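Here are my notes from going through this one, point by point. Keep the viewer open and click along as you read.

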Amino acid sequence: MFSAIKRFSRNIIKSLFKKRENIKIGFYGPPNAGKTSLANRICKDWTGEEIGMVSKVPHETRNVQFKEKVEIKHKGKTLTFKLVDTPGIATKIDYEEFLNFGLKKDEAKKRAKEATQGIIESIQWLDDMDAVVVVLDAAENPYSQVNITIIGNLVARKIPVLIVGNKIDLKKADLSKIEAAFPDYDLVGISAKDGLNIEEFYESLFKLAKKA
Ligand SMILES: Nc1nc2c(ncn2[C@@H]2O[C@H](COP(=O)(O)OP(=O)(O)OP(=O)(O)O)[C@@H](O)[C@H]2O)c(=O)[nH]1
Ligand SMILES: [Mg+2]
């Protein structure tokens, strides 16, 4: 109830101040999908700096991290964003998973604890977002509880969504699976690592910002 009132008053404030200065864009998704890689690429393109660390070990991002006043130009238009990179959301965190990546038992347990806290933080920030880019690994099965929960949450909160199918450089990548799983949303396939299709991503990002 409280969050509904908050959202309602926020929407009124939004419409009173139409000129958007700092559009808050959250990068959400399961661990390892490439949220930080994408946020880093955007930040690098427009500010020269990165936002955070990337790793093949899941749950690398365990605190929300952001970059303010990222000015992006596209087709003669300029928009200013606050980019918010969030910890990967998972339904289950098992410290033993991290042992396979060579972490010691106490490090793995610490990482699991921080990752759990990170998920809570991600969810807490959700209400603050003007729009969300859901980053999915296009080489993985998109029908997961986590993806359905994240997207369902955004829809319930009336937050505009863009789905990014990342890692299209991989042979296994299949965007049609994401399209079949989430047919009602805008989808763009990219490689955050190689920069494939990044112009199309900016096109979609500006469309998303319009809905925010
Ligand atoms: N092949 C390929 N690998 C990628 C791509 N983008 C990211 N990766 C790799 O995927 C792994 C995870 O990337 P991150 O950017 O840390 O993913 P994340 O979603 O921020 O992960 P968490 O912070 O753990 O939630 C790293 O090994 C990246 O190098 C891509 O476009 N193609
Ligand atoms: Mg990350």
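1. Start with Asp137, and keep in mind that this is a predicted model. Leaving out residues up to four places away in sequence, Asp137 touches Asn32, Ala33, Asn166 and Lys167. You'll find Asp137 in strand β4. Its side chain has a polar atom 2.9 Å from the backbone nitrogen of Ala139.

2. Is Asp137 buried or exposed? It has a relative accessibility of 14%, so it counts as buried; the cut-off for that label is under 20%.

3. Asn166, one of the residues that Asp137 touches, also takes us to ligand 1. A polar side-chain atom of Asn166 sits 3.1 Å from a nitrogen atom of ligand 1. Ser191 offers a polar side-chain atom too, 3.0 Å from an oxygen atom of the ligand. With Gly34 it's the backbone: one of its polar backbone atoms is 2.9 Å from an oxygen atom of ligand 1. On its own, ligand 1 would expose 660 Å², and the protein buries 91% of that.

4. How many residues surround ligand 1? There are 22, and the closest are Lys35, Ser37, His59, Thr61 and Asp169. Helix α2 supplies the largest share of this shell, with three residues.

5. Now for the magnesium ion, ligand 2. Its protein donors are Thr36 and Thr61, each through its OG1 atom, at 2.0 to 2.1 Å. Thr36 belongs to helix α2 (residues 35–47), while Thr61 is in the loop between α2 and β2 (65–74), so to speak a link between distant parts of the chain, 25 residues apart. Both threonines are buried.

6. Next, look at Asp85 in strand β3. The side chain of Asp85 makes a polar contact of 2.6 Å with the side chain of Thr36, one of the magnesium donors. Not counting residues up to four places away, Asp85 also touches the other donor, Thr61, along with Phe27, Lys35, Ala39, Ile51, Asn63, Val64 and Gln65. Because its relative accessible area is 0%, Asp85 is classed as buried. Try one distance yourself: from the C-alpha of Asp85 to that of Glu96, eleven residues along the chain, is 25 Å.

7. For another pair that is eleven residues apart, take Leu99 and Lys110, whose C-alpha atoms are separated by 12 Å. Leu99 is in helix α3 (residues 95–99). Its relative accessible area of 34% is why Leu99 is called partly exposed. Beyond four places in sequence, Leu99 touches Lys104, Lys105 and Ala108.

8. Last, the nonpolar interior. In soluble globular proteins, nonpolar side chains tend to be buried together. Here the largest nonpolar core has 29 residues, and Ile25, Leu38, Val133 and Phe201 have the most contacts inside it. Two or more residues come from each of β1 (23–28), α2, β2, β3 (77–85), β4 (131–137), β5 (161–166) and α7 (198–211). The top contributor is α7, with seven residues.

9. What does Val133 touch? Residues up to four places away aside, its contacts include Ile25, Phe27, Leu38, Val164, Phe201 and Leu208. There is also a second, separate core of 22 residues, with Val64, Ile150, Ile163 and Ala181 among them.

Terms used:
Residues are numbered from 1 along each chain as its sequence is written. Chains are lettered from A and ligands numbered from 1 in the order in which they are written. This is a predicted model: local features need pLDDT of at least 70, side-chain atom pairs count only at pLDDT 80 or more; totals for chains, interfaces and linings use all residues. Side-chain values use heavy atoms; hydrogens and water are left out. Donors are N, O and S atoms within 2.8 Å of the metal (3.2 Å for Na, K and Ca); water is not among the atoms, so sites may look incomplete. Helices (H or I, at least four residues) and strands (E, at least two) are DSSP runs, numbered from the N terminus. Buried means under 20% relative accessible area, exposed over 50%, partly exposed in between (1.4 Å probe, protein chains only). A nonpolar core is a set of buried Ala, Val, Leu, Ile, Met, Phe, Trp, Tyr and Cys residues joined through side-chain atoms within 4.5 Å. Contact means heavy atoms within 4.5 Å. A polar contact is a pair of N or O atoms within 3.5 Å; within protein, one must be able to donate a hydrogen and the other to accept it, and residues adjacent in sequence count only if both atoms are side-chain atoms. A residue is near a molecule or strand if one of its heavy atoms lies within 4 Å of it. Accessible areas come from the Shrake-Rupley method with a 1.4 Å probe; for residues, only the protein chains shown count as cover.
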